[in-house]
Amino acid sequence: MKALEDYVTTVPDFPKKGIMFRDVTSILNDRDGFRLVIDELVERLKDVDFDVVVGSESRGFIFGAPVAYVLNKAFVLIRKKGKLPREKYSEDYELEYGTATVEMHEDAISSGQKVVVIDDLIATGGTAKAAIKLVERGGGKVVKVGFVMELAGLKGRDKLRGYDVFSLITYPGA
């Protein structure tokens, strides 16, 4: 059987020269790769006591929802600004060239619920930190934060100090 890393396609010089882009969609394009990534996420969480999986738009949905289904947990969406119809919490975070905003329905997390945050990638950590802040504003307690891939050179884990963080694949560079 192939390792999870074998399903990731590396695209040199994208989006600009010198960048090695790690394309997570190639995992999804292969049924064995998709099964493997979900199985590995589930394995990392099988002994964790939690109530809810939170996934950030959009690839956090793809990986978080099947994990929630397999482990019989609720699934909560973190969306880009302007996509949620009901009362919501909003959180701004820094991008390389500006800021962005994510939102979560105010009634999505109940006070005291234990939450696992799942996303496809941790790079600078901004999206993950914003998701954690939304969960905590809703009264939830983040017990684990998981990623399919990590770009360790961008030091995103530094923004998540104090949280239990894992990644299935770690690339040393950016």
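1. In this predicted model, helix H2 lies across strands E7, E8 and E9, and the helix runs at about 145 degrees to E9. Helix H3 also lies across strands, in this case E3, E4, E7 and E8, and H3 runs at about 175 degrees to E4.

2. The strands named above belong to an open sheet of seven strands, whose order is E5-E6-E4-E3-E7-E8-E9 and whose pairing is mixed. Strand E5 (88-95) and strand E9 (165-171) stand at the edges with a single partner strand each, so one side of each has no neighbour in the sheet. On average, and with direction ignored, neighbouring strands of this sheet are turned by 20 degrees against each other. As background, strands of a sheet pair through backbone hydrogen bonds, and the pairing can be either parallel or antiparallel.

3. The E5 edge can be followed in more detail, since E5 and strand E6 (residues 98-105) pair in the antiparallel sense over eight bridges. A hairpin of two residues joins E5 to E6, and Ser90 is found opposite Glu103 in E6.

4. Helix H3 (residues 59-70) allows a simple check of its length: at 1.5 Å a residue its 12 residues should span 16 Å, and the end C-alpha atoms are 17 Å apart, which agrees. Just after H3, Asn72 takes a positive phi of about 55 degrees.

5. Which residues of H3 are buried? They are Gly60, Phe61, Phe63, Gly64, Val67 and Ala68. When you look at their spacing, it helps to recall that an α-helix has 3.6 residues a turn, so residues three or four places apart point the same way. The buried residues of H3 pack against two helices, H1 (25-28) and H2 (31-45), and against the strands E3 (52-56), E4 (74-80), E7 (114-122) and E8 (141-151).

6. Turning to charged side chains, the structure holds 10 salt bridges. One of them joins Asp49 to Lys114, with the closest N and O atoms 2.5 Å apart. This pair links distant parts of the chain, because Asp49 is in the loop between H2 and E3 whereas Lys114 is in strand E7, 65 residues apart. Lys114 has a relative accessible area of 30%, and is therefore partly exposed.

7. A further salt bridge is formed by the side chains of Arg137 and Glu91, at 3.4 Å from N to O. Here too the pair links distant parts of the chain, with Arg137 in helix H4 (residues 126-137) and Glu91 in strand E5, 46 residues apart. Are the two partners buried or exposed, or somewhere in between? Arg137 counts as partly exposed, because its relative accessibility is 42%, whereas Glu91, at 14% relative accessibility, counts as buried, since the cut-off for that class is under 20%.

8. The side chains of Asp158 and Arg161 also meet in a salt bridge, at 3.5 Å from N to O. Asp158 is partly exposed, with a relative accessible area of 38%, while Arg161 has a relative accessible area of 63% and is therefore exposed, the cut-off being over 50%. Elsewhere, Glu91, Lys133 and Arg137 are joined into one network by salt bridges that share partners.

Technical notes. Residues are numbered from 1 along each chain as its sequence is written. This is a predicted model: local features need pLDDT of at least 70, side-chain atom pairs count only at pLDDT 80 or more; totals for chains, interfaces and linings use all residues. Side-chain values use heavy atoms; hydrogens and water are left out. Helices (H or I, at least four residues) and strands (E, at least two) are DSSP runs, numbered from the N terminus. The expected span of a helix is 1.5 Å times one less than its number of residues. Buried means under 20% relative accessible area, exposed over 50%, partly exposed in between (1.4 Å probe, protein chains only). Contact means heavy atoms within 4.5 Å. Two strands pair if DSSP finds at least two bridges between them. Axes are lines fitted to C-alpha atoms, for helices over the stretch in contact, and angles run from 0 to 180 degrees between N-to-C directions. A salt bridge is a side-chain nitrogen of Lys or Arg within 4 Å of a carboxyl oxygen of Asp or Glu.
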